[in-house]
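This report describes selected features of a single protein model, with attention to charged pairs, cysteines, helices and strands. The model itself is shown first.

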Amino acid sequence: MLNPGPEHCAALGGMLAEMHLTGLNFPLKRVNALGPSAWRELLVDGPGGEAIDIRRRQCDEIVAQWPKDLPSGIVHADLFPDNVFFAGGELCGVIDFYFACNDFLAYDLAICVNAWCADSHGRIDDARARALVTAYSARRALTEAEVAALPLLLRGAAMRFFATRHYDRAQRPDSPLDPGHYARILAFHENHPDAAQSWLS
């Protein structure tokens, strides 16, 4: 799904909630190797120059505020549009569970909002984000703590993918994954901390 619309985002939100609920009793555990404690070391010197110092400060701020106790379970952790298939307008398949692990369920939702709802300028499209979050919460209601943490989780999700893409670009300059896209998404969330609340109203 290369150009998802609100209807695709709604289908994704519902499926993600069902996946989270289904996995709650799954007995196996896997630590998220790319969780907040890993981001700082990925912000190596390389492309970006002085801007990397800014990212490091942003990373430190996000990690220092990271929630300690939100509902957790099995998350996909990499649910980008190219990992989801639609046929006849219906969501029919999900692939690439390589990064699946145990983490906050709302963090997985934040990853999806960034991946499915951002335009090329890093701005989150309100209609798509509202459709995704509303469909998710209709199947699995977010707790008050999750709602309060969502703006920070969105920033953290942006930092995670900026950090890994920056690291890849530093090691392999021809990497096709652009860290700048996630820098723009991070900037959006920094400048619009109340956006997430409008998707839940």
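## Charged pairs

The salt bridges in this structure number 12. The model is a predicted one, and the values quoted below are computed from it. In general, side chains of opposite charge can pair when their charged atoms come close. Three of the pairs are set out in the table, with the separation of the closest N and O atoms.

| Acidic residue | Basic residue | N to O distance |
|---|---|---|
| Asp 119 | Arg 123 | 3.0 Å |
| Glu 190 | Arg 155 | 3.3 Å |
| Asp 178 | Arg 184 | 3.5 Å |

The bridge between Arg 155 and Glu 190 connects distant parts of the chain, with Arg 155 in helix α6 and Glu 190 in helix α7, 35 residues apart. Arg 155 is buried, at a relative accessible area of 11%, whereas Glu 190 is partly exposed at 28%.

In the pair formed by Asp 119 and Arg 123, Asp 119 has a relative accessible area of 23% and is partly exposed. Arg 123 is likewise classed as partly exposed, with a value of 46%.

For the pair of Asp 178 and Arg 184, the relative accessibility of Asp 178 is 32%, which makes this residue partly exposed. Arg 184 is partly exposed as well, at 35%.

Apart from the tabulated pairs, a network of salt bridges links Asp 45, Asp 53 and Arg 56.

## Helices α7 and α4

Helix α7 comprises 13 residues, from 179 to 191. The distance from its first C-alpha to its last is 19 Å, close to the 18 Å expected at 1.5 Å a residue. Asp 178, already described as a salt-bridge partner of Arg 184, also caps the N-terminal end of α7. In this cap, a side-chain oxygen of Asp 178 is 2.8 Å from the backbone nitrogen of Gly 180.

Which residues of α7 are buried? They are Pro 179, His 181, Tyr 182, Ala 183, Ile 185, Leu 186, Phe 188 and His 189. The elements that cover them include α3 (51-65), α4 (105-117), α6 (144-171) and α8 (195-199).

Helix α4, one of these covering elements, also has 13 residues, and its end C-alpha atoms are 18 Å apart, in agreement with the 18 Å that 1.5 Å a residue should give. Because 13 of its 13 residues are buried, α4 is largely enclosed by the rest of the structure.

## Cysteines

How many disulfides does the structure hold? The number is zero. Cys 9 takes part in no disulfide, and the nearest cysteine sulfur, belonging to Cys 117, lies 4.2 Å away. A disulfide would require the two sulfur atoms to be within 2.5 Å. For Cys 112, the closest cysteine sulfur is again that of Cys 117, at 8.7 Å, too far for a bond.

Are these cysteines buried or exposed? Cys 9 is buried, with a relative accessible area of 0%. Cys 112 is buried too, and its relative accessible area is 0%.

## The β2-β3 hairpin

Strand β2 covers residues 84-87, and strand β3 covers residues 90-94. The two run antiparallel and are joined by four bridges. Together they form a hairpin with two residues between them. Gly 88, in the turn, has a positive phi of about 60°. Ala 87 of β2 stands opposite Glu 90 in β3.

In a regular strand the side chains alternate between the two faces of the sheet. In β2, Val 84 and Phe 86 make up the covered face, while Phe 85 and Ala 87 make up the uncovered one.

## Two further residues

His 8 belongs to helix α1, which spans residues 6-22. Its relative accessibility is 14%, and His 8 therefore counts as buried. The side chain of His 8 reaches the backbone nitrogen of Gly 5 at a distance of 2.9 Å.

Ala 64 is located in helix α3. With a relative accessibility of 61%, Ala 64 counts as exposed. Between Ala 64 and Cys 92 there are 39 Å in space, C-alpha to C-alpha, for a sequence separation of 28 residues.

How values were computed. Residues numbered from 1 in each chain as written. Predicted model: local features only at pLDDT ≥ 70, side-chain atom pairs only at ≥ 80, totals over all residues. Heavy atoms only, no water. Expected span 1.5 Å × (residues − 1). Buried < 20%, exposed > 50% of the residue type's maximum accessible area, 1.4 Å probe, protein only. Contact = heavy atoms within 4.5 Å. Polar contact = N/O pair within 3.5 Å; in protein donor to acceptor, adjacent residues only side chain to side chain. Pairing = 2+ DSSP bridges. Salt bridge = Lys/Arg side-chain N within 4 Å of Asp/Glu carboxyl O.
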